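Reader: I would like a close look at one part of this model, followed outward into the rest of the structure. Please take it step by step.

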Amino acid sequence: MPVLEYKCPNCGGGLELNPVNQKMKCPFCLSEFEQAEIEKLFAEQEKNKFNTDGAEEEEKARKDAEFSGSTNLYRCQSCGAEIMADDTTAATFCLYCHNPVVLSSRCSGDMRPSRLIPFMTTKEQATSNYKAWCGKKWFVPKDFKSIETAEKISGVYIPFWLADCSVSGRVHAEGKKIRSWTSGNYRYTETRIYDVSRAADGVFRGIPADGSSKAEDGLMDALEPFDYSQLKEFSMNYLSGFLAERYDVDRKDVFPRIKSRVDENTEALIRNSMHYDSIRILDKNIVIEKTDWEYVMMPVWFMTYKYNDKDYYFAMNGETGKVTGILPLAKGKLFWVSCLIGMIGFILGIIGGGIFL
Amino acid sequence: MRKLFKKISAVICAGAIACTALAFSAFAADNGRCVVYNDAISDSDRAECEKLLNEASDGKDVQLYVLFLNDKTVTDTQVKELAGTMSNRSTNSVAAVVNYGTNYAFVDAHGTVAERITSSKAQKIYDKYLSSELKDKDNVGAVKAFIKGVKRYNSFLSPIVILIGCIGFLAFFLIFYFTVRTKYKFHEKPNTNAYLEGGDLNFGVMEDIFVSEHTSRTAISSGSSGGGGSGGSHSGGGGHF
Ligand SMILES: [Zn+2]
Ligand SMILES: [Zn+2]
């Protein structure tokens with residue numbers, strides 16, 4: 001039962017008191033916090049709120065109004081994707097399923113990102129990068145490589161959450177150092193066992209996670225890294241000529257993705273500091289104490305492609321030009337080439353068998 | 001005088017023709033692929049066996065011979081020697097000698113074919129092909145089985161070799177197929193460490209406490225090696241049926 005409405009420092013969900021261990025627990029991201037810690041954080045936040053003057057609030061309200069006044073929201077009737085475009089740009093087809101989209105409303109102010117990285121590559125670059133990337137792949141169906149397919153590439157601002165996480169980790173392990181040598185007719189193996197303890201903390205800044213449920217998470221992850229030094233205050237000018245997707249995945253829902261990356265990386269770094277021949281983890285505790293979020297937009301050249309009723313993707317980082325994608329495989333072609341390779345195996349087997357039997 | 005000359009010449013001619021015919025038949029009998037002593041098998045069986053062996057040998061690089069005898073006084077060792085003599089008739093040949101007197105048979109290979117039909121393979125020809133037919137006294141069947149056995153073990157493409165080939169095919173096929181497939185599957189993992197301030201964690205605790213030590217000892221076994229080889233242009237195998 002929450003007496004005071006404390007918000008989760010990681011995802012913003014309402015915290016509840018766990019009666020078993022008297023800790024504050026977030027029901028959304030399952031983080032747990034000491035009550036004292038939370039009260040301290042909360043007090044700091046209150047103080048910050050008190051310090052900000054009205055001017056900043058006013059400025060934000062003005063920008064939100066400008067955004068909502070000149071940005072249209074289009075909705076795909078078929079897959080439900082929501083696309084934003086400014087008054088000068090008309091969204092006509094859905095990025096994900098190529099069905100027509102309809103204007104549904106003006107965008108509301110909370111869809112306005114705080115910052116974005118503008119497009120720094122052109123559609124021509126995206127198209128030629130796409131062709132170069134596809135051309136190297138042998139087993140891609142021919143029509144996937146065609147020019148008409150490449151024409152469908154569109155520039156989209158994809159919503160991203162950037163997370164700053166403060167993490168602390170404790171690991172207790174048993175480490176073994178093994179040394180062996182021979183003397184006379186015997187082989188000796190010496191095993192030295194150590195009790196290993198590590199405690200470390202660190203801050204991860206700007207781990208990105210896309211806020212689009214339609215964009216494949218792995219694909220978006222593969223576009224990393226973005227150069228954050230190019231992040232600009234959001235302005236309507238950047239949107240002109242491009243589409244933008246509206247975020248439909250809340251930070252609460254992307255937090256597990258961020259958490260697993262932070263946990264994995266933290267554990268790996270702690271393990272790296274243990275120099276043993278074998279390590280057995282006895283106990284570990286990795287906690288993200290606090291997460292700060294920023295809602296931004298990243299430029300992505302994007303294309304979807306339907307092949308045998310499955311969706312495939314091509315994406316290029318609109319800032320750096322890094323290319324990635326999920327490609328369809330021409331299974332028939334692969335099968336026959338594999339057969340040919342198999343025949344080489346057959347011939348080698350026959351020759352080998354004939355010689356050795 | 002002229003009449004006499006004509007008569008004599010006619011007789012000489014006829015005699016010559018008869019002689020050549022006789023000589024030819026004797027030669028054929030001795031040099032046939034299916035040789036029979038002691039009337040061990042019937043004439044019709046012999047003719048049939050001869051035909052089969054000719055079909056299997058004519059124009060081929062391996063010549064086949066079979067000798068049937070029915071003599072209790074001929075020992076197994078003598079049968080082996082006979083098989084060797086039979087196979088010596090060609091530079092590259094396989095011969096089977098069957099003695100119904102002692103129910104013993106032996107298969108002998110000679111020449112380069114002996115490299116493929118080794119003694120153990122010759123034994124297999126006897127065990128797997130010949131013996132059961134000989135038990136039934138089926139001479140034609142035995143010759144058919146002999147031909148089949150030689151073909152199988154002389155063939156470069158024995159079932160085992162084909163099996164190895166198929167395994168090779170499967171291995172190459174699967175390795176290639178799945179390597180390409182996994183390459184086309186999406187598996188890029190982003191680098192999280194790039195977002196860590198300072199590139200590393202700040203370690204507050206770094207304790208390594210020595211707990212215990214133990215040493216184990218194992219005897220080193222010295223490896224042994226062995227090997228050997230055998231040579232010779234003959235190989236063979238046989239047994240009692
Ligand atoms: Zn939470
Ligand atoms: Zn759609």
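Which residues does V156(A) touch, not counting residues up to four places away in sequence?

Author: This is a predicted model. Leaving out residues up to four places away in sequence, V156(A) touches L95(A), F242(A), L243(A), A244(A), E245(A), V300(A) and F302(A).

V156(A) belongs to the largest nonpolar core, which has 66 residues. Together with I83(A), I158(A), A244(A) and M298(A), V156(A) touches the most other members of that core. A244(A) therefore appears twice, as a contact of V156(A) and as another of these five residues. Strand 8 of chain A (residues 154–183) gives the core its largest share, nine residues. Apart from this core lies another of 43 residues, including I41(B), V62(B), A96(B) and L130(B). As a general matter, nonpolar side chains in soluble globular proteins tend to be buried together.

I83(A), one of the core residues just named, leads to the strands of chain A. Strand 5 of chain A (residues 82–86) runs antiparallel to strand 4 of chain A (residues 71–76), and five bridges join them. Across this pair, R75(A) has E82(A) as its bridge partner. The hairpin of the two strands has five residues between them, and G80(A) takes a positive phi near 85 degrees there. Strand 4 of chain A also pairs with strand 6 of chain A (residues 101–106), again in the antiparallel sense and over five bridges. In that pairing R75(A) stands opposite V102(A). R75(A) thus has a partner in strand 5 of chain A and another in strand 6 of chain A.

Elsewhere in chain A, three strands form an open antiparallel sheet in the order 1-2-3. Strand 1 (16–18) and strand 3 (32–33) of chain A are its edge strands, each pairing on one side only. Strand 2 of chain A (residues 23–25) pairs with strand 3 of chain A over two bridges, and K25(A) stands opposite E32(A).

The next step is the boundary with chain B. There, 58 residues of chain A are in contact with 48 residues of chain B. Strand 9 of chain A supplies the largest share of the chain A side, 22 residues. Other elements that each supply at least two residues include helix 7 (251–272) and helix 8 (331–356) of chain A. By type, the chain A side divides into 29 nonpolar, 19 polar and ten charged residues. Strand 9 of chain A also pairs with strand 5 of chain B (residues 202–219), in the antiparallel sense and over 16 bridges. One of the bridge partners is A219(B), set against Y186(A).

Chain B itself has seven helices and six strands. Of its 241 residues, 29% are buried. Among its contacts between residues at least 6 apart in sequence, 64% join residues at least 24 apart.

Helix 3 of chain B (residues 76–87) shows how a helix is placed in this chain. Its twelve residues reach 17 Å from the first C-alpha to the last, close to the 16 Å expected at 1.5 Å a residue. Buried in this helix are V79(B), L82(B), A83(B), M86(B) and S87(B). These residues lie on the same side of helix 3 of chain B because they cover an arc of only 130 degrees around the axis. What covers them includes strand 2 (63–69), strand 3 (93–99), strand 4 (104–110) and strand 6 (234–240) of chain B.

Note on methods: Residues numbered from 1 in each chain as written. Chains lettered and ligands numbered in written order. Predicted model: local features only at pLDDT ≥ 70, side-chain atom pairs only at ≥ 80, totals over all residues. Helix = DSSP H or I, 4+ residues; strand = E, 2+ residues; numbered from the N terminus. Expected span 1.5 Å × (residues − 1). Buried ≥ 20, exposed ≤ 12 C-beta atoms within 10 Å, placed from the backbone. Arc of directions from axis to C-beta. Contact = placed C-beta atoms within 7 Å. Nonpolar A, V, L, I, M, F, W, Y, C, P; charged D, E, K, R; others polar. Core = buried A, V, L, I, M, F, W, Y, C linked by C-beta atoms within 7 Å.
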